Amino acid sequence: MWKSANPNHLLHRAGRAAVAAFLVLLVAGCKVGPNYARPAVVTPQAYRGAMAPAIVSETSIAEQDWRTIFTDPVLQSLVDEALKNNLDLRIAAQRILEAQAQVGIIRSQQLPSVGAGGSFSALQLPAGLANKNADGTSNDFIRGGGFSASAAWNLDFWGLYRRQTEAARAELLQTEWAQRATRASLIEEIATAYFQLRSLDSQLEITQNTIKAREDSLHLTQSLERYGAGSRADTRQAEELLHTAQANLPEIRRQIVIQENAISVLLGHNPQGVQRGLSVTEQPHPASVPAGLPSELLERRPDVRKAEAELMAANARIGIAKAQFFPQISLTSMGGSASNQLQSIFDGKNAYWYAAGSLTQPIFAGGRITSNYKYSQAQQQEMLASYQKSILNAFRDVSNSLVTYRETQNLREEQHQVVISAADAVRLARLRYSGGNTSYLEVLTTDTDLYDAQLKLAQAEAQEAGSLVNLYAALGGGWK
């Protein structure tokens, strides 16, 4: 037979549902302050300096693994070693761990805190102070104890703690992108320094070869002078050429040691020698470099992503500041059991409990809350401008790098032609001098021009190799 429900039972269930719904509302609440949305960015259709429209639509060189572009095995080993030992990279990694821990600390504020404890006491009374029991015995030894548990919860009704966690997560993201930027910058430094070192090696070799050729030339002029076919002036000019080249040796050797020391520090080592691989002329230099689409650059550049993470954190801090205007709600409770007889501690008659809630509404703080809110808004606008500036800088870097790579290619090609012409001019001048058709001054001039042209060619080759590194980094190459 169907029975009607107990009205009291129904009311009790309805009351529990209402309380549960109220607690859910308190926990979920709302989050005051603006939610983050990526600012609209106007990107160009193509990079300024891109070689051809067809290249713009191709996949960017930054999408390729760096080992397929920079194939020197020694350079690759140096990069691997730097990734293991570089101290700046270790510092960046530790900062990520710090930020991860900070997220955990801040997130804990959203959850209730619970504690528990217990106590035990014993007291031996003097015989004269002991209480006499009805049976004539004395109560001269008193024992007691208890246990308790407490809980406290600051309800995040306005999203204060959630916004704090949001800001902490954005700061964690910022440190992760900062580490990637450090990593990319480190490898860019190593590759550039390595190419400069190989250029100095080439300059040293050129100088040594020039010294050998000028020693032979000096011996020739000395022989001609000895047999009356030459003059003392020719001999002095040949000596001048030789000593000029020899004077360049100490400076080149000094720069080589300095460059090796710089690379050693990047590798996390004490200053020491550096292994050599391919020469500068053997380094790859593709005729064209696909840049990809400018709209994709914002996703690859770690400095741009880092600036966006800073903007996200500043946006969350607006909500933190705004939540300070609203009342803060907290709940506390405590319960336990206590007795002066240990065997009755767990008796339900000795249990106790306490519960309370509080609401605190700021009324007057001397303008501190308002000023803090305005401060957070100003910070957000500052980070927005920084983010926009990082985007402009990224487009500028790519444009500069595209133009630099193309023009350094042209410079290297033209300088190579200068060396060919200068070498032939030296050959003709020596033939004329040997035949007595010209003075040694022509040999001196052409030889000096050839030496300078060869040094400039070695420098131009290093600039071309370095500009490819800079272009890869400017395009957000991941150095995977």
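The following questions and answers cover helix packing, nonpolar cores and three buried residues in a predicted model.

Visitor: What kind of model is this, and how are residues numbered?
Guide: This is a predicted model, in which local features need pLDDT of at least 70, side-chain atom pairs count only at pLDDT 80 or more, and totals for chains, interfaces and linings use all residues. Side-chain values use heavy atoms, with hydrogens and water left out, and residues are numbered along each chain as its sequence is written, from 1.

Visitor: How are α5 and α8 oriented to each other, parallel or antiparallel?
Guide: Helices here are DSSP runs (H or I, at least four residues), numbered from the N terminus. Helix α5 (residues 160-226) and helix α8 (residues 302-323) pack at about 165 degrees with axes 8 Å apart; axes are lines fitted to C-alpha atoms over the stretch in contact, and angles run from 0 to 180 degrees between N-to-C directions. Angles under 35 degrees count as roughly parallel, over 145 as roughly antiparallel, 65 to 115 as roughly perpendicular and the rest as oblique. The angle therefore makes α5 and α8 roughly antiparallel.

Visitor: Which residue classes make up the contact of α5 with α8?
Guide: Ala, Val, Leu, Ile, Met, Phe, Trp, Tyr, Cys and Pro count as nonpolar, Asp, Glu, Lys and Arg as charged, and the others, Gly among them, as polar. By these classes, the α5 contact with α8 has 14 nonpolar, 3 polar and 8 charged residues.

Visitor: What is the angle between α5 and α6, and what residues form their contact?
Guide: The axes of α5 and α6 lie 8 Å apart at an angle of about 160 degrees, so these helices are roughly antiparallel. Their contact divides into 18 nonpolar, 13 polar and 10 charged residues.

Visitor: Which helix supplies the largest share of the largest nonpolar core?
Guide: A nonpolar core is a set of buried Ala, Val, Leu, Ile, Met, Phe, Trp, Tyr and Cys residues joined through side-chain atoms within 4.5 Å. The largest one has 64 residues, and Ile 190 and Phe 195 are among those with the most contacts inside it. Helices supplying at least two residues each include α3 (73-85), α9 (368-434) and α10 (440-474). The largest share, 12 residues, comes from α5.

Visitor: Is Leu 267 buried or exposed?
Guide: Leu 267 lies in the loop between α6 and α7. Buried means under 20% relative accessible area, exposed over 50%, and partly exposed in between (1.4 Å probe, protein chains only). With a relative accessible area of 4%, Leu 267 is buried.

Visitor: How far apart are Leu 267 and Glu 81 in space?
Guide: Contact means heavy atoms within 4.5 Å. Beyond four places in sequence, Leu 267 touches residues including Glu 81, Asn 85 and Ile 190. Leu 267 and Glu 81 are 186 residues apart in sequence, while their C-alpha to C-alpha separation is 6.2 Å.

Visitor: What is the C-alpha separation of Ala 429 and Asp 447?
Guide: Ala 429 is found in helix α9 and counts as buried at 0% relative accessibility. Asp 447 is in helix α10 and counts as buried at 6%. The two residues are 18 residues apart along the chain, and their C-alpha atoms are separated by 8.9 Å.

Visitor: Which residues does Asp 447 touch?
Guide: Residues up to four places away in sequence are not counted here. On that basis, Asp 447 touches Thr 210, Arg 214, Leu 241, Val 426 and Arg 430.
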